[in-house]
Amino acid sequence: MKLATWNVNSLKVRLPHVIDWLKTNQPDMLCLQETKLTDENFPVKEIAEAGYESIFAGQKTYNGVAILSKQKGLEVVSALPDFVDEQKRVIAATFGDLRIVSVYVPNGESVGSDKYDYKMRWLPSLTHWLQQELKVYRKLALLGDFNIAPEDRDVHDPELWEGKVLCSQPERSAFGDLLKLGLSDSFRLFDQPEKSFTWWDYRMMAFRLNRGLRIDHILLSTDLARDCAACIIDKSTRKLERPSDHAPVLVELS
DNA sequence: ATGGTAGAGGATCTA
């Protein structure tokens with residue numbers, strides 16, 4: 001069983017990359033973020049031709065999340081139950097005994113901004129909802145763009161980023177609250193190369209210089225973490241023509 | 001110093 005997540009930064013532009021990636025990697029589920037598509041424009045047909053079902057929650061211009069899967073998803077939830085929000089940032093579904101949650105955590109713009117406040121209200125609401133979900137589903141995977149680098153080793157230049165958005169202590173503490181629910185950061189279950197990142201700014205040759213952050217994650221409940229055989233970041237997609245600024249993250253469950 | 005690049009949409013906003 002393979003689970004993956006990828007912030008595609010426009011599914012319209014990245015559809016050929018996504019189709020190719022599905023064909024090469026054959027994940028059972030691929031969670032997408034920043035689809036930037038309304039639901040009527042979701043490329044259901046093209047994805048079905050690659051052998052995948054689609055569930056999605058989108059809006060015009062911004063945000064938008066989806067789960068592509070070989071099996072059909074059930075018990076679909078497409079918003080946080082206790083957080084009134086126009087922005088489409090959550091979609092969850094059940095596949096057999098697996099609960100899959102795809103999230104696009106708010107970016108937060110800069111520490112102290114209105115968008116940062118929104119992020120810091122959004123995260124506890126996510127945590128509270130997942131606490132309920134984990135009572136129902138023992139096998140739960142939370143995948144997505146968390147817009148949080150959990151530790152200094154997830155940052156190319158920790159001094160430059162110290163206290164900044166994506167790295168601030170309140171954000172890291174909110175990430176820690178997710179782990180306290182009993183979720184594991186699958187990437188850290190294994191030895192990993194130093195300076196492993198999932199996002200590199202389009203500007204200033206950041207990818208070529210490997211000036212990135214690890215902000216895309218796959219968190220696994222205890223019952224899934226036990227069966228996790230590998231977690232890798234696929235940097236190859238970032239070298240394609242017109243790439244997303246994020247790389248996919250992939251776990252293998254035995 | 002507040003740059004720079006990309007996407008959506010058609011002037012800025014978001015990241």
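This passage walks through the fold of chain A, its nonpolar cores, the surface near DNA strand B and a few loop residues.

The model is a predicted one, so local features need pLDDT of at least 70 and side-chain atom pairs count only at pLDDT 80 or more, while totals for chains, interfaces and linings use all residues. Residues are numbered from 1 along each chain as its sequence is written, chains are lettered from A and ligands numbered from 1 in the order in which they are written, and side-chain values use heavy atoms, with hydrogens and water left out.

To start with the overall fold, chain A has six helices and 14 strands; these are DSSP runs numbered from the N terminus, with helices being H or I of at least four residues and strands E of at least two. The C-alpha trace of chain A spans about 45 × 45 × 40 Å along its principal axes. Its radius of gyration is 17 Å, which agrees with the value near 18 Å for a compact globule of 254 residues (taken over C-alpha atoms, the rule being 2.2 Å times the number of residues to the power 0.38). Of the 254 residues, 56% are buried, where buried means under 20% relative accessible area, exposed over 50% and partly exposed in between, with a 1.4 Å probe and protein chains only. Contacts, meaning heavy atoms within 4.5 Å, often reach far along the chain: among those between residues at least 6 apart in sequence, 69% join residues at least 24 apart.

Nonpolar side chains tend to be buried together in soluble globular proteins. Here, the largest nonpolar core holds 31 residues, and L3, M29, I67, I100, A141, L143 and L220 touch the most other members. Such a core is a set of buried Ala, Val, Leu, Ile, Met, Phe, Trp, Tyr and Cys residues joined through side-chain atoms within 4.5 Å. A second, separate core of 23 residues includes L123, L130, L142 and I148. Back in the largest core, M29 touches, among residues more than four places away in sequence, L3, I67, F95, L98 and I100, to name some of them.

Next comes the DNA. Fifteen residues surround DNA strand B, with S10, R14, Y62, R203 and R242 coming nearest; a residue is near the strand if one of its heavy atoms lies within 4 Å of it. Sugar and phosphate make up 70% of the strand B atoms that come within 4 Å of the protein. Helix α1 (residues 11-25) gives the largest share of this surface, three residues. The surface residues split into seven charged, four polar and four nonpolar. On the side-chain level, a polar atom of Y62 sits 3.1 Å from a base oxygen of DNA strand B, and an N or O atom of R203 is 3.5 Å from a base oxygen. K115, in turn, has a side-chain N or O atom 3.2 Å from a phosphate oxygen.

Finally, some loops. M204 and M205 are both in the loop between β10 and β11. M204 has a phi near 60°, positive in a residue other than glycine, and is exposed, with a relative accessible area of 67%. M205 likewise has a positive phi, of about 55°, but counts as partly exposed at 46%. T38, in the loop between β2 (29-33) and α2 (44-49), counts as buried at 18% relative accessibility.

Definitions and conventions: A polar contact is a pair of N or O atoms within 3.5 Å; within protein, one must be able to donate a hydrogen and the other to accept it, and residues adjacent in sequence count only if both atoms are side-chain atoms. Ala, Val, Leu, Ile, Met, Phe, Trp, Tyr, Cys and Pro count as nonpolar, Asp, Glu, Lys and Arg as charged, and the others, Gly among them, as polar.
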